[in-house]
Amino acid sequence: MAHMKLRSLLILGFGLILAALAIVGGLSVVTSSNIAASIGDIANRRLPTLTLYSNLENGIRDIHDQSFQVMTLPAPSPQVTTTYEDLRNQRSVAFSTVADLRKKLETLP
């Protein structure tokens with residue numbers, strides 16, 4: 001390097017900087033495509049699963065709430081019987097919803 005002219009040293013230095021810049025740019029392009037693939041995976045596979053799990057938890061919570069409502073009913077009366085029938089219908093709907101959500105979850109990858 002002692003025998004090289006200043007012009008040659010400057011060209012070599014700028015060439016090395018440009019090569020390093022090209023490597024960093026290439027790595028950033030590859031990394032951004034990997035990030036895009038990860039976001040696509042989250043949007044297409046994981047998000048629907050999380051949504052179904054959330055709905056499943058809500059259905060189970062509804063069943064628990066309905067169970068507690070039945071336990072707090074007073075002595076038998078026509079109003080209590082009507083309320084009990086309504087709660088029983090709501091509970092059967094909640095159980096079928098939970099069963100449907102479990103089936104959907106089993107089909108997801």
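Helices (at least four residues) and strands (at least two) are runs assigned by DSSP, numbered from the N terminus.

**View 1. The whole chain has two helices and zero strands.** What you see here is a predicted model. Along its principal axes, the C-alpha atoms fill a box of roughly 110 × 25 × 15 Å. The radius of gyration is 32 Å, while a compact globule of 109 residues would come in near 13 Å.

**View 2. The surface takes up about 8,700 Å² of accessible area.** Carbon and sulfur atoms own 66% of that surface. Just 11% of the 109 residues count as buried. As for charge, the protein carries 10 positive and 8 negative charges, and the mean positions of the two sets lie 19 Å apart.

**View 3. Seven residues make up the largest nonpolar core.** Look for Leu52, Leu56, Ile63, Ala94, Val98, Leu101 and Leu105. Helix H1 (6-71) and helix H2 (78-107) each chip in with at least two of these residues. H2 gives the most, with four. As background, nonpolar side chains in soluble globular proteins tend to be buried together.

**View 4. Val98, one of the core residues, is shown with its contacts.** Which residues does Val98 touch, leaving aside neighbours within four places in sequence? They are Leu56, Gly59, Ile60 and Ile63. Leu56 and Ile63 belong to the largest nonpolar core as well. Across the protein, contacts with a separation of 6 or more come 72% from residues 24 or more positions apart.

**View 5. Leu50 sits in helix H1.** Is Leu50 buried or exposed? Leu50 is exposed, because its relative accessible area is 55% and the cut-off for exposed is over 50%. From Leu50 to Leu105 is a step of 55 residues in sequence, yet their C-alpha atoms are 9.6 Å apart in space. Leu105 is a member of the largest nonpolar core.

Terms used: Residues numbered from 1 in each chain as written. Predicted model: local features only at pLDDT ≥ 70, side-chain atom pairs only at ≥ 80, totals over all residues. Heavy atoms only, no water. Rg over C-alpha atoms; globule rule 2.2 N^0.38 Å. Buried < 20%, exposed > 50% of the residue type's maximum accessible area, 1.4 Å probe, protein only. Contact = heavy atoms within 4.5 Å. Areas by Shrake-Rupley, 256 points an atom, 1.4 Å probe, with all protein chains shown as cover. Lys, Arg positive; Asp, Glu negative; His and termini not counted. Charge placed at Lys NZ, Arg CZ, Asp CG, Glu CD. Core = buried A, V, L, I, M, F, W, Y, C linked by side-chain atoms within 4.5 Å.
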